[in-house]
Amino acid sequence: MKDLMRIKCLISQDIETLLNQQIKKEAHSSSLYLAMSSWCDQNGFDFSADYFLKQSEEERVHQLKLFKYVLDMGGNAISPEVSGIKTDFAGFREVFEDALEAEIAITQSFKNLAAKCHKEQDFVTMEFLNWFLKEQREEEYKARRALELFEVIGEEGTGRWEIDKHVNKITYSEE
């Protein structure tokens with residue numbers, strides 16, 4: 001019966017495994033951004049708390065989009081257990097450094113998944129992943145721009161307050 005079910009699945013076992021791993025990474029990112037939002041809130045960075053809350057929501061949407069795709073392809077989507085979320089940060093800047101590192105890691109993970117799809121000639125999944133690859137351009141751009149505020153504005157005096165005010169104003173345009 002298991003072999004018959006695999007025939008009905010439109011993705012290979014390897015691709016399904018990688019997609020489920022990506023689902024878990026998106027869930028982890030969502031939880032990490034919630035922790036960042038909480039830390040910012042507790043430390044008086046209200047705009048950044050809101051920024052990271054929105055980022056968390058986006059990651060959750062990404063997780064669910066991947067989850068539904070696996071199901072739609074006849075695979076077994078796995079609801080991940082999330083643990084090991086960093087909740088304490090040495091400072092305001094570290095929150096944004098960690099956010100950029102997380103986005104870079106997610107981009108690399110999607111690139112690896114796309115490479116596997118290309119190797120297997122799974123063009124349907126590759127087409128699906130193109131949306132995520134495009135999305136990661138925006139995610140990394142915003143994370144880099146947020147971190148650049150620390151260099152442009154500086155943290156001295158009212159610097160952190162100014163950075164906090166500007167974080168929610170960062171936008172990305174492909175044009």
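**D46 is partly exposed, with a relative accessible area of 48%.** The terms for accessibility are used throughout as follows: buried stands for under 20% relative accessible area, exposed for over 50%, and partly exposed for what lies in between, computed with a 1.4 Å probe and with protein chains only. The model shown is predicted, so that local features need pLDDT of at least 70 and side-chain atom pairs count only at pLDDT 80 or more, whereas totals for chains, interfaces and linings use all residues. Residues are numbered from 1 along each chain as its sequence is written, and side-chain values use heavy atoms, with hydrogens and water left out. D46 belongs to helix α3, which covers residues 46-72; helices are DSSP runs of H or I with at least four residues, strands are runs of E with at least two, and both are numbered from the N terminus. When residues up to four places away in sequence are not counted, D46 touches D41 and D164, a contact being heavy atoms within 4.5 Å. Although D46 and D164 are 118 residues apart in sequence, their C-alpha atoms are 7.3 Å apart in space.

**R160 in helix α6 and the residues that R160 touches.** Helix α6 is formed by residues 159-167, and R160 has its place there. With a relative accessible area of 38%, R160 is partly exposed. Its contacts, not counting residues up to four places away in sequence, are with F45, F92, G154 and E155. For E58, which is 102 residues away from R160 in sequence, the C-alpha to C-alpha distance is 25 Å.

**Helices α2 and α4, whose axes come within 11 Å.** Helix α2 comprises residues 13-42 and helix α4 comprises residues 92-120, and their axes cross at roughly 170°. The axes are lines fitted to C-alpha atoms, for helices over the stretch in contact, and the angles, taken between N-to-C directions, run from 0 to 180 degrees. This crossing makes α2 roughly antiparallel to α4, since angles over 145 degrees count as roughly antiparallel, those under 35 as roughly parallel, those from 65 to 115 as roughly perpendicular, and the rest as oblique. The contact of α2 with α4 contains 16 nonpolar, 3 polar and 7 charged residues; in this scheme Ala, Val, Leu, Ile, Met, Phe, Trp, Tyr, Cys and Pro are nonpolar, Asp, Glu, Lys and Arg are charged, and the others, Gly among them, are polar.

**S29 and L32 as buried residues of helix α2.** S29 has 6% relative accessibility and therefore counts as buried. Leaving out residues up to four places away in sequence, S29 touches E59 and I106. L32 counts as buried as well, at 12% relative accessibility. Apart from its neighbours within four places in sequence, L32 is in contact with I85, K86, F89 and A102. L32 and D50, separated by 18 residues in sequence, have their C-alpha atoms 14 Å apart.

**A105 in helix α4 and Q121 in the loop between α4 and α5.** A105 is partly exposed, with a relative accessible area of 46%. Its C-alpha atom is separated by 9.3 Å from that of K25, a residue 80 positions away along the chain. Q121, in the loop that leads to α5 (residues 123-153), has a positive phi of about 55° although it is not a glycine. At 57% relative accessibility, Q121 counts as exposed.

**Setting of the close-up views in the protein, which has 6 helices and 0 strands.** Read along the sequence, the pattern is α-α-α-α-α-α, and the C-alpha trace spans about 65 × 35 × 20 Å along its principal axes. Of the 175 residues, 43% are buried. Among contacts with a separation of 6 or more, residues 24 or more positions apart account for 75%. The exposed area is about 9900 Å², of which carbon and sulfur atoms supply 53%; accessible areas come from the Shrake-Rupley method with a 1.4 Å probe, and for residues only the protein chains shown count as cover. An unreviewed UniProt entry carries the annotation "domain: Ferritin-like diiron" for residues 9-154; UniProt positions are given in the numbering used here, feature names are shortened, and annotations may be inferred rather than shown by experiment. Over residues 9-154 the chain is 80% helix and 0% strand, with the end C-alpha atoms 53 Å apart.
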